[in-house]
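Hi everyone, thanks for coming. I'd like to walk you through one protein model today, and I'll take it a piece at a time. Have a look at the picture first.

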Amino acid sequence: MSGNVEAKLAELGMTLPEVVPPLAAYQPAVQSGVYVYTSGQLPMVEGKLPVTGKVGAEVTPEEAKELARTCALNALAAVKSIAGDLDRVARVVKVVGFVASAPDFTGQPAVINGTSELLGEVLGDKGVHARSAVGVAVLPLDAPVEVEIQVELTEA
């Protein structure tokens with residue numbers, strides 16, 4: 001039965017966005033064997049960043065957590081562009097989240113929970129993953145958050 005993941009997104013009041021076009025010389029996602037690796041996904045909404053700046057300064061941790069959810073949706077769109085159907089996701093293997101952080105901000109894991117929680121809500125047990133949450137000085141376009149995911153696919 002196709003469309004279960006996207007039906008779950010709809011049930012949660014979300015829709016899968018269009019794949020965010022690359023900002024430079026890379027692809028939004030690539031497949032190697034049964035794995036799909038996404039490039040870093042910014043929290044773009046309709047081609048724009050809704051908020052810019054450092055978490056713990058211009059951006060609150062709560063705002064950043066919501067932005068991390070947007071990054072997860074963009075990552076799922078990139079996965080679908082390769083897999084054709086998100087129901088082919090056997091599991092999310094790894095999430096790496098980058099948080100543009102004010103010098104004294106140490107809440108990166110709570111911010112990236114936005115991504116982890118969304119993947120769990122949408123994919124259930126298939127969304128459980130290993131993860132890194134890293135604080136960085138600056139991200140492209142002054143984005144507060146960037147997320148990349150690795151997923152394992154079932155056979156087509």
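How much space lies in the largest pocket? The answer is about 230 Å³. Please keep in mind as we go that this is a predicted model.

Let's stay with that pocket for a moment. Its lining is made of 14 residues, and those that lie nearest its centre are Pro17, Met44, Val45, Glu46 and Asn74. Sorted by class, the lining of the largest pocket has 8 nonpolar residues, 4 polar ones and 2 charged ones.

Glu46 deserves a closer look. You'll find Glu46 in the loop between β2 and α2. Is Glu46 buried or exposed? Glu46 has a relative accessible area of 79%, and anything over 50% is called exposed, so Glu46 is exposed. Its backbone is worth a glance as well. In general, most residues other than glycine have a negative phi. Glu46 is not a glycine, and its phi is positive, near 50 degrees. Leu141 is another non-glycine residue with a positive phi, of about 60 degrees. To find Leu141, go to the loop between β4, which covers 130–136, and β5, which covers 145–153.

Now for the closed spaces. How many cavities of 30 Å³ or more does the structure hold? There is 1. The largest cavity has about 80 Å³ of space in it. Among the residues lining that cavity are Val20, Pro28, Gln41 and Met44. You may remember Met44 from the pocket, where it was listed with the residues nearest the centre. By class, the cavity lining divides into 8 nonpolar residues, 3 polar residues and no charged ones.

Gln41 is my next stop. This residue sits in the loop between β2, at 35–38, and α2, at 61–83. The relative accessible area of Gln41 is 3%, and the cut-off for buried is under 20%, so Gln41 counts as buried. What is Gln41 in contact with, once we leave aside its neighbours within four places in sequence? The list is Val20, Pro28, Cys71, Asn74, Ala75, Ala78, Val145, Glu146 and Val147. Two of those names, Val20 and Pro28, also line the largest cavity, and Asn74 is one of the residues nearest the centre of the largest pocket.

Let's turn to the aromatic rings. The count comes to 1 aromatic pair. That pair is formed by Tyr35 and Tyr37, with 6.5 Å from centre to centre and 50 degrees between the planes, and it is classed as tilted. As a general point, a pair of aromatic rings is described by the distance of the centres and the angle of the planes. Both tyrosines can be placed on the accessibility scale too: Tyr35 is partly exposed at 28%, and Tyr37 is partly exposed at 36%.

Next, some residues that meet others from elsewhere in the sequence. Leu12 is in the loop between α1, at 4–11, and β1, at 29–32. With a relative accessible area of 34%, Leu12 is partly exposed. Leu12 and Leu118 are 106 residues apart along the chain, yet their C-alpha atoms are separated by 9.8 Å. Not counting residues up to four places away in sequence, Leu12 touches Glu121 and Val122.

Lys80 is in helix α2, and at 27% relative accessible area it is partly exposed. The C-alpha atoms of Lys80 and Ala29 are separated by 9.3 Å, with their positions 51 residues apart along the chain. Beyond its neighbours within four places in sequence, Lys80 is in contact with Glu6, Leu16, Asp85 and Leu86.

One more residue of this kind is Asp87, in the loop between α2 and β3, which covers 89–100. Asp87 has a relative accessibility of 18%; the limit for buried is under 20%, so Asp87 counts as buried. From Asp87 to Thr154 is 67 residues in sequence and 8.6 Å in space, C-alpha to C-alpha.

Let me finish with the record. UniProt, in an unreviewed entry, places the feature "domain: Endoribonuclease L-PSP/chorismate mutase-like" at residues 6–149. Over that stretch the chain is 31% helix and 22% strand, and the end C-alpha atoms are 18 Å apart. Thanks for listening!

Notes:
Residues are numbered from 1 along each chain as its sequence is written. This is a predicted model: local features need pLDDT of at least 70, side-chain atom pairs count only at pLDDT 80 or more; totals for chains, interfaces and linings use all residues. Side-chain values use heavy atoms; hydrogens and water are left out. On a 1 Å grid over the protein atoms alone, a cavity is a set of points where a 1.4 Å probe fits but cannot get out, and a pocket is an open set with protein on both sides within 12 Å along at least five of seven lines; lining residues have an atom within 4 Å of a point. Grid points are joined across faces, edges and corners, and a volume is the space filled by probe spheres set on the points. Ala, Val, Leu, Ile, Met, Phe, Trp, Tyr, Cys and Pro count as nonpolar, Asp, Glu, Lys and Arg as charged, and the others, Gly among them, as polar. Helices (H or I, at least four residues) and strands (E, at least two) are DSSP runs, numbered from the N terminus. Buried means under 20% relative accessible area, exposed over 50%, partly exposed in between (1.4 Å probe, protein chains only). Contact means heavy atoms within 4.5 Å. Rings of Phe, Tyr and Trp (its six-membered ring) pair if their centres lie within 6.5 Å; planes under 30 degrees apart count as stacked, over 60 as edge-to-face and the rest as tilted. UniProt positions are given in the numbering used here, feature names are shortened, and annotations may be inferred rather than shown by experiment.
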